[in-house]
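Me: I'm new to this one and would like a close look at a single spot. Please start from one residue in a loop, tell me what is around it, and then work outwards from there.

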Amino acid sequence: MKFIETLINGLSMGSTYAMIALGYTMVYGIAKMLNFAHGDVIMVGGYMIFVTMASLGNPILGLLAAVVFCVALGVTIEKIAYKPLRGASPLAVLITAIGVSYLLQSTAQIIFGSAPKMVNVADLGNVKFAGLTVPVYILVTLGCSMVIMLVLSVFVKYTKTGRAMIAVSEDKGAAQLMGINVNKIIMITFAIGSALAAFAGFFMLMKSPSLNNTLGAMPGIKAFTAAVIGGIGSIPGAMLGGMLMGVVEAISLTIPAIAPYTDAIEFLILIVILLVRPTGILGKKRREKV
Amino acid sequence: MALLEVNNLEVRYGVITALKGISFEVKEGEIVTLIGANGAGKTTTMQSIIGLIPSQSGSVIYDGHDITKMPCHKIVHLGMSQVPEGRRVFQELTVYENLVMGGYSIKNNANFKEDVDKIYERFPRLAERKNQIAGTLSGGEQQMLAMGRAMMSHPKLLMLDEPSMGLSPLLVDEVFEIIKDFNKEGTTVLLVEQNAGKSLAISDRAYVLENGQIVLSGTGKELMSSEEVKKAYLGG
Ligand SMILES: Nc1ncnc2c1ncn2[C@@H]1O[C@H](COP(=O)(O)OP(=O)(O)O)[C@@H](O)[C@H]1O
Ligand SMILES: [Mg+2]
């Protein structure tokens with residue numbers, strides 16, 4: 001029983017990682033860049049939830065405000081910081097992204113100070129079923145993420161824009177020959193990734209109410225690791241990698257002997273998987289063309 | 001008036017000048033071929049006309065629009081379509097989804113189903129494999145798919161970059177037949193080939209490209225009987 005509870009908790013944590021990992025992997029797949037500032041968008045979303053709840057008291061409005069603000073932020077960052085660097089060396093883009101990350105963290109610190117804010121999103125209590133006791137927020141997280149991932153998968157597979165995203169990630173030049181506006185697709189990708197980051201921020205605050213300007217840093221790195229484990233650029237890969245990460249973390253945290261080394265264990269798994277499969281579990285080799 | 005007019009087009013890759021100011025035109029309804037050896041600048045010409053790579057000087061006029069500096073996706077919306085060198089079908093998408101992408105530039109296409117059916121009719125092999133992932137098709141099938149995909153947007157000007165490359169002789173004949181059919185149905189064609197014999201035979205006019213310069217031009221027949229062309233491109 002205890003193990004099943006741990007597993008459910010792990011899947012819930014994993015689905016939060018998956019939300020974040022999707023942002024990394026879609027941006028990587030389509031814009032061919034590592035958006036190092038992605039984790040910090042989660043943090044900004046967290047502060048939007050904090051501000052909205054402090055003034056309006058409603059967590060759902062908080063989530064909505066976070067989604068809207070993060071989408072606007074993600075699209076703006078792309079337009080101002082990354083778009084001018086299209087075609088520049090990957091190193092220049094990476095350094096810019098790191099700069100954006102620090103800019104977001106510092107701005108949050110200037111506005112909100114360095115002391116953590118407490119954001120009690122909602123006290124949902126526990127639910128008992130089939131001999132299990134599970135906090136409701138875990139089920140909410142799991143349920144919402146599953147729905148979001150399903151919607152995203154259907155969107156990518158069956159809509160014109162979704163297919164255009166696959167086309168751009170595979171061959172930018174050929175995509176342009178179809179009449180696809182690559183810049184527009186990249187913008188949409190940033191918007192989707194940022195919206196998912198806002199959801200992830202909401203889930204994280206439900207789990208633990210403490211909010212400061214580095215909220216997104218560690219989860220961002222872990223979710224990026226999850227994206228690489230799953231195969232960077234692959235949407236199902238990010239979902240799988242995120243879930244795997246969450247389950248490993250949850251199990252590791254319940255074993256006292258290894259619990260303190262949980263982070264290290266997760267990164268170790270990345271190294272082992274990359275040694276066996278350099279492209280990640282679901283990743284493919286890709287060629288680059290004009 | 002010409003449908004496509006290329007004036008003194010110059011393209012450089014860093015220090016390499018790939019096109020040294022070339023000029024040519026394609027009139028409505030024609031099949032025009034650029035022949036040239038490997039590295040002559042054929043692909044550069046095709047990609048720079050359609051806006052995939054920038055030009056340094058010169059101009060490209062298409063259907064009355066100056067498209068010299070226009071981004072590729074906008075040029076495609078003006079009714080230009082290209083089967084790129086190496087086919088470049090979307091490997092991860094199915095045959096059907098590749099055709100959907102081909103029709104991307106037509107907004108809310110009410111005749112979409114008819115368009116797809118017409119491609120399937122023209123390429124029965126594609127109909128049989130419509131739900132197959134394009135990456136698993138044979139080279140010939142991928143070429144058919146690339147051509148079908150390019151026709152989904154009802155182009156006024158269809159450009160094909162070495163469509164016969166890597167195909168069996170039988171398939172090569174089929175490809176040239178299809179190009180002729182497309183042209184008969186009203187599509188203007190700009191073709192790039194190393195296979196000079198077959199392409200000149202179906203061309204109204206042709207240009208010979210050498211080291212980024214046009215060195216010869218004439219009707220398909222004239223070039224086929226030209227001594228220089230025979231020596232350099234038709235194996236004696
Ligand atoms: N991306 C590139 N960078 C540098 N040089 C290039 C590039 N693409 C083509 N070239 C050079 O430009 C010239 C023309 O190439 P290309 O247009 O591909 O010729 P063709 O299609 O006739 O074989 C060649 O000398 C080739 O090496
Ligand atoms: Mg070529």
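## A loop residue and its surroundings

Reply: Let's start with B:Asn195, which sits in the loop between strand 8 (188-193) and helix 8 (196-202) of chain B. Helices (H or I, at least four residues) and strands (E, at least two) are DSSP runs, numbered from the N terminus. Before going on, keep in mind that this is a predicted model, where local features need pLDDT of at least 70, side-chain atom pairs count only at pLDDT 80 or more, and totals for chains, interfaces and linings use all residues. Residues are numbered from 1 along each chain as its sequence is written, chains are lettered from A and ligands numbered from 1 in the order in which they are written, and side-chain values use heavy atoms, with hydrogens and water left out.

Is B:Asn195 buried, exposed or partly exposed? B:Asn195 is partly exposed, with a relative accessible area of 26%. The cut-offs go like this: buried is under 20% relative accessible area, exposed is over 50%, and partly exposed is in between (1.4 Å probe, protein chains only).

Leaving out neighbours within four places in sequence, B:Asn195 is in contact with B:Ser164, B:Val172 and B:Phe176. Contact here means heavy atoms within 4.5 Å. As for B:Val175, its C-alpha atom is 12 Å from that of B:Asn195, and the two are 20 residues apart along the chain.

One of those contacts, B:Phe176, takes us inwards. B:Phe176 belongs to a core of 31 residues, which also includes B:Ile119, B:Phe123 and B:Leu158. A nonpolar core is a set of buried Ala, Val, Leu, Ile, Met, Phe, Trp, Tyr and Cys residues joined through side-chain atoms within 4.5 Å. In soluble globular proteins, nonpolar side chains tend to be buried together.

That core is separate from the largest one, which has 114 residues. The residues with the most contacts inside the largest core are A:Ile180, B:Leu4, B:Phe24, B:Met80 and B:Leu190. The biggest share comes from helix 8 (residues 182-207) of chain A, which gives 15 residues. Zoom in on B:Phe24 and, not counting residues up to four places away in sequence, you'll find it touching B:Leu4, B:Glu5, B:Val6, B:Leu34, B:Thr45, B:Ile49, B:Leu190, B:Tyr207 and B:Ile214.

Chain B also holds the magnesium ion (ligand 2), whose protein donors are B:Thr43 (OG1) and B:Glu85 (OE), 2.0 to 2.1 Å from it. Donors are N, O and S atoms within 2.8 Å of the metal (3.2 Å for Na, K and Ca), and water is not among the atoms, so sites may look incomplete. The two donors are 42 residues apart: B:Thr43 is in helix 1 (residues 42-49) of chain B, and B:Glu85 is in the loop between strand 6 (80-83) and helix 3 (95-102) of chain B. B:Thr43 counts as buried at 19% relative accessibility, while B:Glu85 is partly exposed at 32%.

B:Arg87 is found in that loop between strand 6 and helix 3 of chain B too, and its phi is near 70°, a positive value in a residue other than glycine. At 15% relative accessibility, B:Arg87 counts as buried. B:Asn211 also has a positive phi, near 45°, but it counts as exposed at 55%.

B:Thr43 turns up again around ligand 1, along with residues including B:Tyr13, B:Gly41, B:Lys42 and B:Thr44; being near the ligand means having a heavy atom within 4 Å of it. An N or O atom in the side chain of B:Thr43 is 2.7 Å from an oxygen atom of ligand 1. For B:Thr44, a polar side-chain atom lies 2.5 Å from a ligand 1 oxygen, and for B:Gly41 a polar backbone atom is at 2.9 Å from one.

Finally, a word on confidence. Chain B, home of our starting residue, averages a pLDDT of 95, with 100% of the residues scoring at least 70. Chain A averages 94, with 98% of the residues at that level. pLDDT is the predictor's confidence in each residue, from 0 to 100. The model as a whole scores ipTM 0.95 and pTM 0.92.

Notes. Polar contact = N/O pair within 3.5 Å; in protein donor to acceptor, adjacent residues only side chain to side chain.
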